[in-house]
Amino acid sequence: MKKSVVSKEYTNLQKEIIKLQEQWKQVLNPDVIQPKLDQAALASGVPAAALTAIDFDIPLFIQWIDEINRLIVKKNPELEGKLGKVRELLNEEVAIRWIDEAFAVNQFYFQQFAQEHELEGWMAPFLAETALRPYLQLVAEKLQPEITHAVHGAGCPVCGEPVRLAQLEENGKKVVHCPRCLVQWPEKRVVCSHCGNEDSKTIQFISVEGDATSQLQVCDQCHGYLKVIDTRQFISKPSSAILDLNSIHLDFIAQDNGYGAATDQNTAN
Ligand SMILES: [Zn+2]
Ligand SMILES: [Zn+2]
């Protein structure tokens, strides 16, 4: 599921998955998350989720994967056999391993897993990442009051996802939002989140034709980009996961112009 093959069907499926994740998060007991906020680790760019003790409910994790599979098969009946095969492999031991490897964004493990069991490469990491997110979002919710900034270049301070989305909020304040764990933090208007460049000569804002609320901020020092969405006029504000999905055309424009969002660690997108 690369961005280059994004279709309306894919976007709609993603929206339904985001809805499911919101429901799943509601059933989690917040006590399963025991964050240990280590300021020194945060300052060196270690994502806080990596230091957090999470008591995963493995049968529930597997149940969520069954729900995702049902949703995918409803829309893509031809995938039933292949997803069924993945499901047969998914016992509790494998689920624990998936959680660990999705947490660490270990693409190598999932490639090996797919090869070994002759699966399509996207399946296992996509399912694992999708069912992991409600936990990451709960970690973010707990830590949000402490998250006031990020180390440039280290990605999201909670989950490590590369930065790619910001919103202009009241008084034009720029707030970076993580579409993966949904944490947010304020950022200077003219600074590159990837390399910390503050030189207005090498940071450009590109407007997008036919889209008055969006801009691309690009940095000519590190070739990183950030989608900046002015949500002040929005009647209802969508979650940053939806905002990220709805602004995928901006990722294409940025990438077509030679910019990237740091390393694309997240195979699920
Ligand atoms: Zn995050
Ligand atoms: Zn930069």
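**Two domains and one helix**

The protein is divided into domain 1, which covers residues 3-145, and domain 2, which covers residues 149-256. The model described here is a predicted one. The centres of the two domains, taken over C-alpha atoms, are separated by 24 Å.

**Where the domains meet**

- The contact between the domains takes 19 residues from domain 1 and 18 residues from domain 2.
- On the side of domain 1 that touches domain 2, helix 1, helix 2 (39-43) and helix 7 each supply at least two residues.
- Helix 7 gives the largest share of that side of domain 1, namely six residues.
- Sorted by chemical character, the residues on the side of domain 1 that touches domain 2 are eleven nonpolar, five polar and three charged.

**Helix 3 and its two faces**

- Helix 3 runs over residues 58-75, and because a helix is reckoned at 1.5 Å a residue, its 18 residues should span 26 Å, which agrees with the 26 Å between its end C-alpha atoms.
- Which residues of helix 3 are buried? They are Phe61, Trp64, Ile65 and Ile72.
- These buried residues cover an arc of only 100 degrees around the axis, and therefore they lie on the same side of helix 3.
- The face of helix 3 that is turned away from this buried side carries the exposed residues Pro59, Gln63, Arg70 and Lys74.
- What covers the buried residues of helix 3 includes helix 1 (8-27), helix 4 (80-89), helix 5 (92-103) and helix 7 (123-143).
- Helix 1 and helix 7 thus appear in both topics, since they are among the elements that cover the buried residues of helix 3 and also supply residues to the side of domain 1 that touches domain 2.

Terms used. Residues are numbered from 1 along each chain as its sequence is written. Chains are lettered from A and ligands numbered from 1 in the order in which they are written. This is a predicted model: local features need pLDDT of at least 70, side-chain atom pairs count only at pLDDT 80 or more; totals for chains, interfaces and linings use all residues. Helices (H or I, at least four residues) and strands (E, at least two) are DSSP runs, numbered from the N terminus. The expected span of a helix is 1.5 Å times one less than its number of residues. A residue is buried if 20 or more other C-beta atoms lie within 10 Å of its own, exposed if 12 or fewer, and partly exposed in between; C-beta atoms are placed from the backbone. The arc is that of the directions from the helix axis to the C-beta atoms. Two residues are in contact if their C-beta atoms, placed from the backbone, lie within 7 Å. Domain bounds come from an automatic or database domain assignment. Ala, Val, Leu, Ile, Met, Phe, Trp, Tyr, Cys and Pro count as nonpolar, Asp, Glu, Lys and Arg as charged, and the others, Gly among them, as polar.
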